[in-house]
Amino acid sequence: MKQGFLLSIEGPDGSGKSTLIQELASHFSDTGREVVVTREPGGARIAEQIREILLNPDHAEMEAKTELLLYMASRRQHLVEKVLPALERGALVLMDRFIDSSLAYQGYGRGLDLEAIHWLNQFATDGKNPDLTLLLDLPAEQGLGRIQANRSGDVDRLDQEDLSWHQRVRQGYLQLLDENPNRLVKVDASLDLPEVLDQALQRIAERLSL
Ligand code: TYD
């Protein structure tokens, strides 16, 4: 039986993750392999309810550690209920955000203690890491510009942050890339979609034998 493969896709808001994931899913479905597309926060019933609490723009009073713990709670439930069973079936799991988002957003963005976040990630996942993580990288100004251009009236709580926040998150991701060269690979998200897809497929092919 084929082994499951956990691919997480990370990057700042506006980096085009969702579009790329749809393209990757249709590419790999054509290979006959089971492909599961899922996301954090959310991806399972309870976790989707936590997502609503997290992203509700009315929840302006949410404190940073509360935010972190809610992301972790969503992570645990989603992993156990959806991701691990899919991996056991041998699926390719394409996950929109995972452990690195907490380090980039709550750690580098909000300034919470990175060691504590590492520990909580470990606790929530029992140490389950992605087999590969694609980091869609682009300058913060460009990411923000895309969010503003695509905005269809619904702005979530974290979209309301300013440019310096987006810059800290991007720098955080680049730091994570430096620290985990075997797991994280960078994809240039400022390119057009066909080129981004091409780069992503190359990176995946280096790791995943179909
Ligand atoms: P989402 O609508 O999925 O945003 P995007 O399309 O940009 O991925 O909302 C997820 C938001 O939650 C996004 O702003 C990143 C943030 N987030 C964290 O701050 N920490 C985390 O651990 C995770 C998983 C997400």
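What follows is a short chat about residue E67 and the ligand site in a predicted model.

Q: Where does E67 lie?
A: In this predicted model, E67 is part of helix α3, which covers residues 64-88.

Q: And is E67 buried or exposed?
A: E67 counts as buried, because its relative accessibility is 1% and the cut-off for buried is under 20%.

Q: What does its side chain make a polar contact with?
A: The side chain of E67 makes a polar contact with the side chain of Q106, at 2.5 Å.

Q: Which residues does E67 touch, leaving out those up to four places away in sequence?
A: With those sequence neighbours not counted, E67 touches L54, M62, Q106, R110 and R157, so Q106, the polar partner of the E67 side chain, is in that list as well.

Q: Switching to the ligand, how many residues surround it, and which are the closest?
A: There are 15 residues around the ligand, and the closest are K17, Y71, R97, S102 and Q106.

Q: Which helices supply at least two residues of that shell?
A: Helices α2 (45-55), α3 and α4 (99-109) each do so, and α4 gives the most, with four residues.

Q: What about polar side-chain atoms and the ligand oxygens, say for D13, R51 and R97?
A: A polar side-chain atom of D13 is 2.9 Å from a ligand oxygen, while for R51 an N or O atom of the side chain lies 3.0 Å from an oxygen atom of the ligand, and for R97 the corresponding distance is 2.7 Å.

Q: How much of the ligand does the protein bury?
A: The protein buries 89% of the 540 Å² that the ligand exposes when taken alone.

Q: Which pocket does the ligand sit in?
A: The ligand sits in the largest pocket.

Technical notes: Residues are numbered from 1 along each chain as its sequence is written. This is a predicted model: local features need pLDDT of at least 70, side-chain atom pairs count only at pLDDT 80 or more; totals for chains, interfaces and linings use all residues. Side-chain values use heavy atoms; hydrogens and water are left out. Buried means under 20% relative accessible area, exposed over 50%, partly exposed in between (1.4 Å probe, protein chains only). A polar contact is a pair of N or O atoms within 3.5 Å; within protein, one must be able to donate a hydrogen and the other to accept it, and residues adjacent in sequence count only if both atoms are side-chain atoms. Contact means heavy atoms within 4.5 Å. A residue is near a molecule or strand if one of its heavy atoms lies within 4 Å of it. Accessible areas come from the Shrake-Rupley method with a 1.4 Å probe; for residues, only the protein chains shown count as cover. On a 1 Å grid over the protein atoms alone, a cavity is a set of points where a 1.4 Å probe fits but cannot get out, and a pocket is an open set with protein on both sides within 12 Å along at least five of seven lines; lining residues have an atom within 4 Å of a point. A molecule sits in a cavity or pocket if more than half of its atoms lie within 2 Å of its grid points.
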